[in-house]
Amino acid sequence: MSDTTSISVPVSPFLEGVAKQGLLCMLRNDWQAHGRDWTRPGFRALAVYRFGVWRMSARPWPLRKALSLAYRILERRVRVRYGIELPYSAKVGNGVVIEHQNCIVIHGSARIGDRCVIRQGVTIGNKGRSDPYGAPVIGDDVDIGANAVIVGRITVGNGARIAAGAMVAKDVPPGALAIGNPASIVERC
């Protein structure tokens, strides 16, 4: 006898958030965070990212395949035109602001909290081939300065600030300021 119970496919908590909140609601939040200016490259990159996450919930598969093709075209255009690489597999919270364009690379396994600010030249990635999915976890309300590099399986606490040009490879406590190469903690709020 075979059991005819249905098998449920687990849905990631992030996809559940997109489904509950809705694509248009998330786009409106990003638009407001970017000063209600839809022409800003950071907003456009986040809009393509949100579309890429949303398309993964599309059913049936032929529709998702067509949406995936559209996403790939848009994602490559954003990457080439604005220099912002933000794959759909990354987890990005609400109200994130990408201040400037060019040389922004975010690893596909990275997690970025709500209301963070990311400036030009920021890299959020892994340390190397030995840990390909070891990307940083950025808390809420984190301010990341221009040309900062945050690498490895580390955590940047809520409200922390990363100075321009800092190279962060160790955990940053909540409310701290990380400065220098390699980064050191110089103050806590």
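Which residue in strand 5 does Val92 stand opposite? In this model, which is predicted rather than determined by experiment, Val92 stands opposite Ile112 in strand 5.

**The sheet**

That pair belongs to a wider arrangement, since strand 2 and strand 5, the latter made of residues 111–112, pair in the parallel sense over two bridges. Both strands are part of an open sheet of four strands, whose order is 2-5-8-11 and whose pairing is parallel. Strand 2 (91–92) and strand 11 (155–156) stand at the edges with a single partner strand each, so one side of each has no neighbour in the sheet. In general, the strands of a sheet pair through backbone hydrogen bonds, in either a parallel or an antiparallel sense.

**Helix 2**

Helix 2 spans residues 23–33, and its buried residues are Leu23, Met26, Leu27 and Asp30. These residues cover an arc of only 100 degrees around the axis, which means that they lie on the same side of helix 2. An α-helix has 3.6 residues a turn, so residues three or four places apart point the same way. Just after helix 2, Gly35 takes a positive phi of about 70 degrees.

**Cysteines**

A search of the whole structure finds zero disulfides. Two cysteines are set out below with their relative accessibility.

| Residue | Relative accessibility | Class |
|---|---|---|
| Cys103 | 55% | exposed |
| Cys116 | 0% | buried |

Because exposed means over 50% and buried means under 20%, Cys103 at 55% counts as exposed, whereas Cys116 at 0% counts as buried.

Note on methods: Residues are numbered from 1 along each chain as its sequence is written. This is a predicted model: local features need pLDDT of at least 70, side-chain atom pairs count only at pLDDT 80 or more; totals for chains, interfaces and linings use all residues. Side-chain values use heavy atoms; hydrogens and water are left out. Two strands pair if DSSP finds at least two bridges between them. Buried means under 20% relative accessible area, exposed over 50%, partly exposed in between (1.4 Å probe, protein chains only). The arc is that of the directions from the helix axis to the C-beta atoms. A disulfide is a pair of cysteine sulfur atoms within 2.5 Å.
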